[in-house]
Amino acid sequence: MGTTPDPGSRSQEDGDARMLTFHLRKSWTRFGPRVGRITLEALREECTTTDISTDETSSVTFDTPNIFVGTSRGVVPHLSRDHCNSADAIKWINVPFESFLEQSPPIPMLQKGPDPLRTFLGFDKRKHIVSLCLRDPTDTREMPPNGNTYVSALCMRGVRKMTISDWREYVYELKPDVVFALSDTPFTPPPYSQKRVTKSIERSISWLADMLRPPKRSVLPCSPPPIPGRLSQHPLNVFVSMAGGTSIPAREAFAYSLSEELYGPDLEAVKPIKRLDDGVVGYSFDLATLRGSVPKPPGPRRRNQPNDVFQRESPNMLLQDAGKLLEVATPENGDVCNSPPLSSSIAESSVFPDVALLLQASLRHLPEGKPRLVTGVRSPHEMLRLIRDVGADIFDADLAIAAANVGVALDFVFPLSPGHGASEEGKKKDVGHNLYDDVYSRQYGRLSDCLAGAAESQSQFPAPLPICPCIACSPCSPASHILHSKVDVRSYEEEMDRNGNVMYGLPRSRGYLHHLLHTHEMSAHAMLVAHNLAVLDKFLSGVRELLLGGDGNDIGEGEDRATRFAVEVNRFEDVYDESMEVLRVARKCWNEVDLARGKGRLGREKERQASIEAGSV
């Protein structure tokens with residue numbers, strides 16, 4: 001019987017390796033706000049000269065803090081490929097592979113060519129970084145437990161077991177720009193025993209080591225020399241999910257396992273890497289699993305879901321005896337293996353630890369010069385705090401897409417202008433507008449009060465406003481007509497004098513979007529997703545400009561710049577409502593409009609009318 005070849009031993013002549021680099025432009029402290037730049041470059045090697053050159057035509061560069069956008073079956077919700085390729089806010093696209101597992105082999109594996117995953121999904125290599133993960137990081141639905149050699153994943157036909165070897169093969173075949181290593185995250189109801197947490201850490205480390213195991217043949221035809229700025233010594237750009245749950249000792253133990261020097265068989269398995277952290281380009285943090293977020297639809301609601309979902313996981317749930325984890329040698333305790341266990345007062349605490357403290361525990365003894373990616377943020381307020389207290393670099397954009405799903409147009413900016421305060425009633429402002437509300441049916445202004453359309457004159461505003469480049473606020477016509485045949489040229493000969501200039505139209509109004517939402521037009525959600533992503537992009541662009549000095553150059557004022565950023569974060573929290581009440585109300589309105597159509601519509605309308613009349617009597 002023949003043996004199955006190692007995925008990495010296959011010929012790589014059909015594609016070039018991609019190198020992810022991260023350069024810190026501004027940083028004050030290990031856990032303070034910072035500005036960086038991520039660059040993804042295609043490497044081309046000349047075997048005769050041992051020189052490696054970069055293909056600038058396919059390089060992607062963007063500054064951080066910034067966002068990355070999740071997908072469903074490789075599709076950004078509500079947006080077409082043309083929308084994605086033209087949107088400035090979409091630079092990094094993440095693909096959860098579990099949605100393709102209903103077929104064997106998964107459909108993307110049938111794609112051939114130099115760049116299978118990107119070709120299959122249709123994203124532009126000059127504009128987008130495409131990453132691959134197994135599970136959707138924002139999906140916290142209850143799942144069967146993982147095993148030592150497999151991870152449970154959820155597809156449209158149920159749960160599938162993804163083995164470690166299969167995941168490695170898929171990664172090498174699909175050649176994503178960035179890959180997320182598998183992590184043993186429990187998706188069963190807590191509490192979790194100390195044994196389960198320890199097993200989670202051991203499995204995550206083991207699976208990472210397997211991913212970093214070098215292929216029999218290097219991705220590049222020749223072994224590349226050290227490259228300045230390269231974040232890892234591995235041909236794959238691997239992000240590792242920082243395990244440990246809500247236990248600070250467990251997170252520190254996992255981080256130490258990444259940075260400790262390997263010996264014996266462990267070292268031989270991952271050569272030339274001496275530490276697992278040497279093969280990692282960045283760190284990711286999944287906040288949704290830390291908080292035990294409410295399951296995403298259409299999954300069933302958990303029967304044992306507590307009322308306070310933010311206290312689902314607590315130190316006493318995760319570690320009933322944390323002493324064993326404290327006995328692991330770390331930079332703090334050296335080689336001491338008899339550290340005393342945690343006091344009972346701490347072990348039995350039911351207060352949810354501060355997210356910033358958990359992330360700091362994972363990063364305290366790891367290199368500062370690698371990007372920090374956070375998923376599952378609940379509000380722009382939380383983004384600002386994680387930038388201020390942790391130095392987070394990349395955030396997922398699930399907040400923007402979730403708001404668009406229920407008809408909310410986001411409307412906030414950072415930093416606030418001097419005259420920007422709370423509402424006239426003294427209440428905090430909502431972070432968006434619920435366009436399902438009938439109050440917007442006769443409003444003909446643009447979607448955002450903080451951003452202007454490209455076709456609007458700045459003279460009409462008290463102070464200049466940033467431009468929102470989305471398809472709703474700055475709709476544009478193409479520079480030339482779409483020609484379906486050579487004959488069509490004659491039809492537009494008199495109109496071909498626009499010199500390639502982009503022509504913008506007036507912004508779509510709130511009343512127009514209100515009408516589209518109530519008539520179930522798909523274009524409403526497409527425009528809202530594009531708008532919300534543009535708002536998040538402008539929001540983080542304001543963060544970068546403030547930290548850099550306001551003009552985008554590397555000119556700052558030392559720690560005074562970080563101090564001013566902290567002041568602006570407090571102002572933002574004082575002005576905007578963090579409870580996200582507007583999303584809850586919008587979700588209720590969306591449900592009412594959704595039930596207004598389909599089978600049983602007339603009966604539901606009669607019951608609703610009867611209840612209204614009964615209430616008015």
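This is a guided tour of one protein chain, in the order in which its parts may be selected in a viewer.

**The whole chain**

Begin with the entire chain, bearing in mind throughout that the model is predicted. Its secondary structure comes to 19 helices and 17 strands, and buried residues make up 50% of the 617 residues. If the view is switched to a surface, the accessible area comes to about 29300 Å², and 51% of that area belongs to carbon and sulfur atoms. Of the contacts in the chain with a separation of 6 or more, 73% are accounted for by residues 24 or more positions apart.

**Helix α5**

Next select residues 248–259, which form helix α5. This helix has 12 residues and reaches 17 Å from its first C-alpha to its last, close to the 16 Å expected at 1.5 Å a residue. Helix α5 is mostly covered, with 10 of its 12 residues buried; among them are Arg 251, Glu 252, Phe 254 and Leu 258. Add Ser 247 to the selection and look at the start of the helix, where a side-chain oxygen of Ser 247 reaches to within 3.2 Å of the backbone nitrogen of Ala 250.

**Aromatic pairs**

Now display the side chains of the aromatic residues, among which the count comes to 16 aromatic pairs. Select Phe 180 and Phe 239: their ring centres are 5.6 Å apart and their planes stand at 45°, so the pair is tilted, since that angle falls neither under 30 degrees nor over 60. Phe 180 lies in strand β9 (residues 178–180) and Phe 239 in strand β10 (residues 238–241), so the pair ties together parts that are 59 residues apart in sequence. Phe 180 counts as buried, because its relative accessibility of 11% is under 20%, and Phe 239 is buried as well, with a relative accessible area of 1%.

Move from there to Phe 412 and Tyr 576, an aromatic pair that is edge-to-face, at 6.4 Å centre to centre and with 75° between the planes. Phe 412 lies in the loop between β14 (408–410) and β15 (432–434), while Tyr 576 lies in the loop between α17 (559–575) and α18 (581–595), so this pair ties together parts that are 164 residues apart in sequence. Phe 412 counts as buried at 1% relative accessibility, and Tyr 576 is buried with a relative accessible area of 1%. Keep both residues selected and add Phe 414, Phe 539, Phe 565 and Phe 572, which form one aromatic cluster together with Phe 412 and Tyr 576.

**Charges over rings**

Two further selections place a charged side chain against an aromatic ring. In the first, Arg 135 lies over the face of Phe 187, at 4.9 Å from the ring centre. In the second, Lys 161 lies over the face of Tyr 150, at 4.7 Å from the ring centre.

**Helix α15**

Select residues 510–518 for helix α15, whose buried residues are Arg 510, Gly 511, Leu 513, His 514, Leu 516 and Leu 517. To see what surrounds these side chains, show β15, α16 (522–548) and α18 as well, which are included in what covers the buried residues of α15. Then follow the backbone to His 520, just after α15, where phi takes a positive value of about 60°.

**Backbone details in the loops**

The last stops are best viewed with backbone atoms shown. The peptide bond from Ser 104 to Pro 105 is cis, with omega near 0°, and Pro 105 has its place in the loop between β5 (92–96) and α2 (116–121). The peptide bond from Lys 271 to Pro 272 is likewise cis, with omega near 5°, and Pro 272 lies in the loop between α6 (264–270) and β11 (282–286).

Select His 78 next, in the loop between β4 (66–70) and α1 (81–86). This residue has a positive phi of about 75° although it is not a glycine, and His 78 is partly exposed, with a relative accessible area of 37%. Finish at Lys 175, in the loop between α3 (164–174) and β9, where phi is near 55°, a positive value in a residue other than glycine. The strand that bounds this loop, β9, is the one that holds Phe 180 of the tilted pair visited earlier.

Note on methods. Residues are numbered from 1 along each chain as its sequence is written. This is a predicted model: local features need pLDDT of at least 70, side-chain atom pairs count only at pLDDT 80 or more; totals for chains, interfaces and linings use all residues. Side-chain values use heavy atoms; hydrogens and water are left out. Helices (H or I, at least four residues) and strands (E, at least two) are DSSP runs, numbered from the N terminus. The expected span of a helix is 1.5 Å times one less than its number of residues. Buried means under 20% relative accessible area, exposed over 50%, partly exposed in between (1.4 Å probe, protein chains only). A polar contact is a pair of N or O atoms within 3.5 Å; within protein, one must be able to donate a hydrogen and the other to accept it, and residues adjacent in sequence count only if both atoms are side-chain atoms. Rings of Phe, Tyr and Trp (its six-membered ring) pair if their centres lie within 6.5 Å; planes under 30 degrees apart count as stacked, over 60 as edge-to-face and the rest as tilted. A charge sits over a ring if NZ of Lys or CZ of Arg is within 6 Å of the ring centre and within 35 degrees of the ring normal. Contact means heavy atoms within 4.5 Å. Accessible areas come from the Shrake-Rupley method with a 1.4 Å probe; for residues, only the protein chains shown count as cover.
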